[in-house]
Amino acid sequence: MNIATDHVYKLPELPYPMEALEPAISRKTLLYHHDRHHRAYVTKLNELVVGTPFHGTPLEEIVRTAQGALFNNAAQAYNHAFYWNCLTPRQGLAPSDGLRAAIKNSFGSPEHFIDQFRTSALAKFGSGWTWLVIKPDGSLAIENTNDADTPLRHGRTPLLTCDVWEHAYYLDYQNERRRYVDAFLKVLNWAFVSQNFDAAHSKEKEDA
Ligand code: FE2
């Protein structure tokens with residue numbers, strides 16, 4: 001995802017048409033969020049990385065180890081690319097068997113998980129992200145990060161994220177984050193979350 005090609009980090013295309021998530025998330029929101037905000041982070045990343053030891057390295061490596069503005073722009077480039085994949089116009093998706101079992105283990109049931117994820121997203125003060133992650137001990141957790149911060153930085157494997165910066169929802173819902181989070185949950189891409197979980201689980205088995 002978003003790997004440097006010829007030493008240039010690219011803005012990934014949205015995996016669906018701009019209007020595909022309506023009415024949950026409007027075309028106008030995606031237009032500004034993807035084509036302006038995300039593009040600006042990628043552009044700035046490309047400016048800042050020149051002349052640093054990170055030039056041409058995979059984006060994830062910058063996110064894990066860079067500092068300051070380079071980290072902020074790289075992390076926002078990474079987080080947004082991840083976020084677009086957490087959304088889908090496809091309805092009726094569900095967690096894979098493995099993910100469902102892990103969610104049951106950590107949160108009691110998929111419904112409890114959704115409740116806790118919603119509560120965490122609403123409790124995040126200011127700009128940031130709400131994540132479902134795998135912790136180093138293999139358990140699942142819901143964690144919030146501030147501003148551009150990302151679980152990759154803290155040894156976690158991200159499975160799902162919700163962007164709770166106001167730019168993600170202000171055009172559609174103004175200051176009503178609750179309505180945005182509820183809408184987000186209606187277009188949640190369980191196939192992507194399951195794919196992330198299953199990939200992490202296979203890697204764990206290989207490493208064992
Ligand atoms: Fe955003």
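Helices, taken as H or I runs of at least four residues, and strands, taken as E runs of at least two, are DSSP runs numbered from the N terminus. In these terms aspartate 147 of the present model, which is a predicted one, lies in the loop between strand E2 (140-146) and E3. The phi angle of aspartate 147 is near 50°, a positive value in a residue other than glycine. Because its relative accessibility is 44%, and partly exposed residues are those between the 20% and 50% limits, aspartate 147 counts as partly exposed.

Other backbone features were found elsewhere along the chain. Glutamine 174, placed in the loop between H6 and H7, likewise has a positive phi, of about 50°, although it is not a glycine. With a relative accessibility of 34%, glutamine 174 counts as partly exposed. A positive phi of about 100° is taken by glycine 108, just after H4. In the segment before helix H1 (27-49), where proline 23 has its place, a cis peptide bond joins glutamate 22 and proline 23, with omega at about 5°.

The iron ion is coordinated by the NE2 atoms of His33, His80 and His167 and by an OD atom of Asp163, at 1.9 to 2.1 Å. The angles among the four donor atoms run from 88 to 128°, and the site of the iron ion is tetrahedral; this assignment follows because four donors count as tetrahedral if all angles lie between 85 and 135 degrees. Along the chain, the donors of the iron ion follow the spacing H-x46-H-x82-D-x3-H. Of these donor residues, aspartate 163 and histidine 167 are both buried.

The largest nonpolar core comprises 66 residues, of which Leu140, Tyr180 and Phe184 touch the most other members. Helix H3 (residues 68-85) supplies the largest share of this core, namely nine residues. Once neighbours within four places in sequence are left aside, phenylalanine 184 is in contact with Tyr83, Leu87, Phe117, Leu160, Thr161 and Cys162. Phenylalanine 184 is also one of the buried residues of helix H7 (residues 177-186), together with Arg177, Tyr180, Val181, Ala183 and Leu185. The cover over the buried residues of H7 includes H3, H5, strand E3 (157-163) and helix H6 (170-173).

Two phenylalanines of helix H3 were examined individually. Phenylalanine 82, which is found in helix H3, counts as buried at 3% relative accessibility. Although phenylalanine 82 and threonine 161 are 79 residues apart in sequence, their C-alpha atoms are 7.4 Å apart in space. Phenylalanine 71, also placed in helix H3, is buried with a relative accessible area of 9%. When residues up to four places away in sequence are not counted, phenylalanine 71 touches Ile62, Val63, Ala66, Ala148, Asp149, Thr150 and Arg153. Phenylalanine 71 and tryptophan 84, in turn, are 13 residues apart in sequence, and the distance between them, C-alpha to C-alpha, is 20 Å.

The geometry and the sidedness of two further helices were then considered. Helix H5 (residues 110-123) has 14 residues, which at 1.5 Å a residue should span 20 Å, and this agrees with the 20 Å that separates its end C-alpha atoms; the expected span is obtained from one less than the number of residues. Within H5 the buried residues are Pro110, Phe113, Phe117, Ser120 and Ala121. Seen down the axis of H5, these buried residues fall within an arc of 100° and therefore line one face of the helix. The face of H5 turned away from this buried side carries the exposed residues Glu111, Thr119 and Ala123. Phe117 is thus both a buried residue of H5 and one of the contacts of phenylalanine 184.

In helix H4 (residues 97-107), the buried residues include Leu99, Ala102, Ile103 and Phe107. Viewed down the axis of H4, its buried residues also fall within an arc of 100°, so that they line one face of the helix. On the other side of H4, by contrast, Asp97, Lys104 and Asn105 are exposed.

How values were computed: Residues are numbered from 1 along each chain as its sequence is written. This is a predicted model: local features need pLDDT of at least 70, side-chain atom pairs count only at pLDDT 80 or more; totals for chains, interfaces and linings use all residues. Side-chain values use heavy atoms; hydrogens and water are left out. A nonpolar core is a set of buried Ala, Val, Leu, Ile, Met, Phe, Trp, Tyr and Cys residues joined through side-chain atoms within 4.5 Å. Buried means under 20% relative accessible area, exposed over 50%, partly exposed in between (1.4 Å probe, protein chains only). Contact means heavy atoms within 4.5 Å. The arc is that of the directions from the helix axis to the C-beta atoms. Donors are N, O and S atoms within 2.8 Å of the metal (3.2 Å for Na, K and Ca); water is not among the atoms, so sites may look incomplete. Four donors count as tetrahedral if all angles lie between 85 and 135 degrees; four count as square planar and six as octahedral if opposite donors are over 155 degrees apart and all others between 65 and 115; anything else is irregular.
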